[in-house]
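Q: Please take a close look at how one pair of neighbouring elements packs in this model, and set that pair in the context of the whole chain.

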Amino acid sequence: RLASKLFAKAGDKISSLTSLINTQDTKTIVAFAKAAKSGQAYEMAAAYLQSLPDWTQEEQHISSILFFLGKVGNYSDLAQVHEALARACIDESEHYEKSLDLLTQGASYVEKIDDVHQRATLRRRFQRQLYSVTKFLRAKKSLKQSTEPMEVFCAEAASREDGSTGNIVRVEHGIKDLVLHYVSVHRYRDAFDLIHAMDHPSTYIPRNIMEQVWTACNRDPREIAAIIAEDENRDDSIFAPDDGKLGGGIITDEERSVLSGMGL
């Protein structure tokens, strides 16, 4: 803190902010960056806030990040912040509609990016994310009438090389909805088969649902405890967000049709 004060007195706002960031005094860092009225300070503060754990769950952090990036017109980062927020909506609370809204907002920032290559790369990435979430929502809403759309979604998601990490909606989300539907109509054997085939099922399927299925199928409930213990020791890297490489390749006719209906 002393070093920060000395740099500030000397008029070196960036060095002062750097010293403040080392203290991790978030409120002071945000206040100083706003007062500095410097593009570099805004970028530094936004990057610091995004380095904090669970920043996607803190409304004040989100508001400050959007303010800083908006001030400097960093549309690439603004788009990717919205993508991260969309992912958190699903991973933390399964708010698929809100996730879709955030992706749509993010896609609008993509179109403001000056760099042609970066704009094209991010556009493909957002188109695939929007397509995936839209198709999932349509399948979810039609589950009571037919399981086929969700089964198709799961098969498509599973067939993609990056299906388990890059896409915001993963095959496991679809399987979870199928399991819940099968339980609701007492198709316990179908539910059991799906759960049994999943990687890390307890990450997605509530324990009480697993217990209900195991009981209905006359399975040993101790198997559930073993599954949970194994999942707790999983490699968390398989749930890591994408590395920026998602979305390459050609948009299919089906994807283009879905996106066209959204005005994208």
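A: In this predicted model, the chain reads from start to end as α-α-α-α-α-α-α-α-α-α-α-α-α-α, a pattern made up of 14 helices and zero strands. The pair to examine is helix 4, which spans residues 39-50, and helix 5, which spans residues 59-72.

Two packed helices are described by the angle between their axes and the distance between the axes. For helix 4 and helix 5, the axes come within 9 Å and cross at roughly 150 degrees; because angles over 145 degrees count as roughly antiparallel, the two helices are described as roughly antiparallel to each other. The crossing of helix 4 past helix 5 is left-handed.

On the side of helix 4, the residues that take part in the contact are Gly39, Tyr42, Glu43, Ala45, Ala46, Leu49 and Gln50, and they meet His61, Ser64, Ile65, Phe67, Phe68, Leu69, Lys71 and Val72 of helix 5. Sorted by class, this contact comprises nine nonpolar, four polar and two charged residues.

As for the chain around this pair, 45% of its 264 residues are buried, and its exposed surface comes to about 14000 Å², of which carbon and sulfur atoms supply 49%. Among contacts in the chain with a separation of 6 or more, 58% are between residues 24 or more positions apart.

Key
Residues are numbered from 1 along each chain as its sequence is written. This is a predicted model: local features need pLDDT of at least 70, side-chain atom pairs count only at pLDDT 80 or more; totals for chains, interfaces and linings use all residues. Side-chain values use heavy atoms; hydrogens and water are left out. Helices (H or I, at least four residues) and strands (E, at least two) are DSSP runs, numbered from the N terminus. Buried means under 20% relative accessible area, exposed over 50%, partly exposed in between (1.4 Å probe, protein chains only). Contact means heavy atoms within 4.5 Å. Accessible areas come from the Shrake-Rupley method with a 1.4 Å probe; for residues, only the protein chains shown count as cover. Axes are lines fitted to C-alpha atoms, for helices over the stretch in contact, and angles run from 0 to 180 degrees between N-to-C directions. Angles under 35 degrees count as roughly parallel, over 145 as roughly antiparallel, 65 to 115 as roughly perpendicular and the rest as oblique. A crossing is left-handed if the near helix is turned anticlockwise from the far one by less than a right angle, and right-handed if clockwise. Ala, Val, Leu, Ile, Met, Phe, Trp, Tyr, Cys and Pro count as nonpolar, Asp, Glu, Lys and Arg as charged, and the others, Gly among them, as polar.
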